Amino acid sequence: TMSDVRVKINLDKGNTDDVSVFFPPAPFLAGAHVSGLPAYHELYRSSIDDADRFWATVAAELYFEQGSTKGLEWNFDIQKGAPFTRFMSGARTNIAYNCLEMNIERGLGDNVAYFWEGNDPRDESKITYNQLLDKVIAFSAVLRTRGVQKGDTVAIYLPMMAELVISMLACARIGAIHSVVFAGFSAESLAARIVDAKAKLLVTADGVFRGSKLVLLKPIADIAADLAAAEGSPLSTIIVVEHIQRISKPPRAAQPTNVGSSCTHDRDEEWEAAMRSVEGIDSPVEWMEAEEPLFILYTSGSTGKPKGILHTTAGYMTYVYQTLKVTFDAHNETDVYWCTADCGWITGHSFVVYGPLLNGLKSVFFEGICFYPDASRMWQITEKYQVTKLYTSPTAVRALIAEGDHFVTKCDRSSLKIIGTAGEPINPSAWRWLHTVVGEERAVVIDTYWQTETGGPVIAPLPGATSIKPGSATLPCFGIEVMLIDAQGQVIEDVGEGNLCFTRAWPGMMRGVWGDADRFVNTYFAEFVGLYFTGDGARRDVDGYIWLTGRVDDLMNVSGHLLSSAEIENALTAHEKVAEAAVVAAAHDIKGNIPYAFITLNQGERLTASLVAELKLLARTKIGPISVPDVIQEAPELPKTRSGKVTRRILRKIAAGINDGLGDTSTLIDESVIERLIAARPS
């Protein structure tokens, strides 16, 4: 059992928090990759003081066709030139080769790479490293014979099925850039990403069940392809996985399931037919320069246009291999690992696909949702596969708490050794529930902080070394040097709260914003010269532990997904009756935050129930379901400064139900707007 010692932590401005500290249990100290806090400090200091040697040692555990004497090179100071990061310049490797052939050479070929668990509990399969390699080679041949070359972009719009992993690895094998788009995004969102990335080919499916709901993906993909073509980015081929016919149907499906073939255009080709067409064709590995692109992954931006975050080959590979290995204390001989994230997000890229495969792990790959057929599904899967390491989101945890403990306790969770969370800071009560109810005080519970831009965790505990404070991401990962900057731009040396920045590069960090060098500079390096700015706020306590306090820009974290307020506002103002919109984040017990929209309508219009429904549908259509505002409030006027800027800090407090303590309002054109918004707030 983990020790639970009550301690007082002295915080800034004389405040104190009553915090429980949980120390690593003895079994982890004995066999962990990093055992004990002194070992962490020694390795951490080495990763900062002698970074090149530290990362060269990690890279030596991977395969490079050609090595390099160079280590990390970077510039964060825009006064000295354009920001850049390089790692092992001149080296040549291939991440797919490291995921597959290298593990097969180590004797893991017949080991299971993935246990696939379908949306319906009756659907299951498994694939070994040997089998996965065969399929990756075949699909890479499909891509090549359809004209995809090194440096081309392939868009992937698939649910969590084996073909998603195969497509990603096939792209990596031949040096094509993959751009995975979450299969919950709308046709317009998919089209925008196809156009921006200049994708040559799209991989999609006919549809998928999410719980009892049938989601038809191919019609969305067809609309997106037509929109992209109208923008001058036609797709040469759409490869379609006919998925619906091979899976079990829910007993009370919400929509008809008798759909026919989804290959309805000349550009369409069915997956299995494409795979048969390349039988006997070899498709060798393309050895990639260290800094050649691996993938683009789009994340929300404060301007409303999604940012294409670019990750390259050698540094990303080295970083995700090492961070998964130490953060989850991964051992391929004994572990069954399960990350519940979707591959449409960075956690899925790094800790569902590349990280686990690079470490030779057996993993669970889950297509469904954790509440179908009921709220015990996550724990049923844990028992079924004897999962030892589980990685999920605080949003899912809070929702499961609300369903009741009996869904958990009826399943065997004794195999669990580590339970991790990512996407947003976990609240202490949810952490304690994981520790006591799910882990039965045996498992280590860790909360990790990272972003699409960071590639992997950058602040996280190590299960065999770090004492845990529920709610804190704890200490920096190897190679990460944290700096907090206050509102005046001054460095906070010790205890305090400010803007979270990093002083130095690490191998797995983003290399740029696809096609927009100015945005790369302005978003991450212009605010604080010489530093990488995360866009998040944080505080540091007397033990050096980091506590994330949320976004400091116009982005919001909803169910672990970063959304742009500007993007949602653009969708809402596309309605002919809407003059202006401002969207802020409001706290929610389950989702963490929800979009809360203030709407100014055109003269003579009123916010009726039907108009609310139209606006929500507009957000869903233009962006996706996760962007739909939970609350839409009519605002005859928005609080603005004399320069015309909407004061979102005031709107956030109104959305939170706060009536006073709104801060300085003297710069507003009309302070009475606040009283009217408070009075009109929905009960």
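Q: Counting two strands as paired if DSSP finds at least two bridges between them, how many bridges join β11 to β12, and do they run parallel or antiparallel?
A: In this model, which is predicted, strand β11 (residues 207–210) and strand β12 (residues 213–216) are joined by 4 bridges and run antiparallel. One pairing to look for is that of Val 208, whose bridge partner in β12 is Val 215.

Q: What about the turn, which residue in that hairpin takes a positive phi?
A: That is Gly 211, with a phi near 65°, in a hairpin that has 2 residues between the strands.

Q: And β8, what does that strand pair with, and which way do the two run?
A: Strand β8 pairs with strand β9 (residues 177–180) through 4 bridges, and the two run parallel; within that pairing, Ala 155 has Ser 179 of β9 as its bridge partner.

Q: Is β8 mostly covered or mostly uncovered?
A: It is mostly covered, since 5 of the 5 residues in β8 (residues 153–157) are buried. Thr 153, Ala 155 and Tyr 157 point to one side of the strand, while Val 154 and Ile 156 point to the other, and the residues on both sides are buried.

Q: Switching to helices, how does the reach of α7 compare with what's expected?
A: Helix α7, which covers residues 162–174 and so has 13 residues, reaches 19 Å from its first C-alpha to its last, and this is close to the 18 Å expected at 1.5 Å a residue.

Q: Why call α7 largely enclosed?
A: Because 12 of its 13 residues are buried, α7 is largely enclosed by the rest of the structure. The buried residues include Glu 163 and Arg 173 as well as Val 165, Leu 169 and Cys 171.

Q: Which residue comes just after α7, and what is its phi?
A: Gly 175 comes just after the helix, and its phi is positive, at about 85°.

Q: You listed Arg 173, so which residue of α5 touches it?
A: Glu 101, which lies in helix α5 (residues 101–108), touches Arg 173 along with Ala 96, Leu 133 and Val 285, leaving out residues up to four places away in sequence. Glu 101 counts as buried because its relative accessibility is 13%, and the cut-off for buried is under 20%.

Q: How many disulfides are there?
A: The count is 0 disulfides. Cys 171 is in none, as the nearest cysteine sulfur, that of Cys 343, is 13 Å away, and Cys 171 is itself buried, with a relative accessible area of 0%.

Q: Why doesn't Cys 477 bond to the closest cysteine?
A: The closest cysteine sulfur, in Cys 339, is 15 Å from the sulfur of Cys 477, which is too far for a bond, given that a disulfide needs the two sulfur atoms within 2.5 Å. Cys 477 also counts as buried, at 7% relative accessibility.

Q: Now the interior: which residues touch the most other members of the largest nonpolar core?
A: That core has 184 residues, and those that touch the most other members are Leu 132, Phe 139, Leu 169, Val 353, Tyr 354 and Leu 357. Helix α6 (residues 129–145) provides the largest share of this core, 10 residues. Apart from it there is another core, of 18 residues, which includes Ala 582, Ile 650, Leu 651 and Leu 662.

Q: What is Leu 357 in contact with?
A: Beyond its neighbours within four places in sequence, Leu 357 is in contact with Cys 99, Asn 103, Ala 113, Tyr 114, Tyr 129, Leu 132, Val 165 and Leu 169.

Q: Any backbone oddities, say, where is the cis peptide bond?
A: The peptide bond from Tyr 372 to Pro 373 is cis, with omega near 0°, and Pro 373 sits in the loop between β19 (362–366) and α13 (377–385).

Q: And Met 88 and Glu 441, what are their phi values?
A: Phi is near 55° for Met 88 and near 65° for Glu 441, each a positive value in a residue other than glycine. Met 88 is in the loop between β4 (84–87) and β5 (92–93), and counts as buried at 9% relative accessibility. Glu 441, in the loop between α16 (428–438) and β22 (444–447), is partly exposed, with a relative accessible area of 34%.

Q: Last one, what does UniProt list for residues 40–99?
A: An unreviewed UniProt entry lists those residues as "domain: Acetyl-coenzyme A synthetase N-terminal". In the model, residues 40–99 are 40% helix and 17% strand, with the end C-alpha atoms 27 Å apart.

Technical notes
Residues are numbered from 1 along each chain as its sequence is written. This is a predicted model: local features need pLDDT of at least 70, side-chain atom pairs count only at pLDDT 80 or more; totals for chains, interfaces and linings use all residues. Side-chain values use heavy atoms; hydrogens and water are left out. A nonpolar core is a set of buried Ala, Val, Leu, Ile, Met, Phe, Trp, Tyr and Cys residues joined through side-chain atoms within 4.5 Å. Buried means under 20% relative accessible area, exposed over 50%, partly exposed in between (1.4 Å probe, protein chains only). Contact means heavy atoms within 4.5 Å. UniProt positions are given in the numbering used here, feature names are shortened, and annotations may be inferred rather than shown by experiment. The expected span of a helix is 1.5 Å times one less than its number of residues. Two strands pair if DSSP finds at least two bridges between them.
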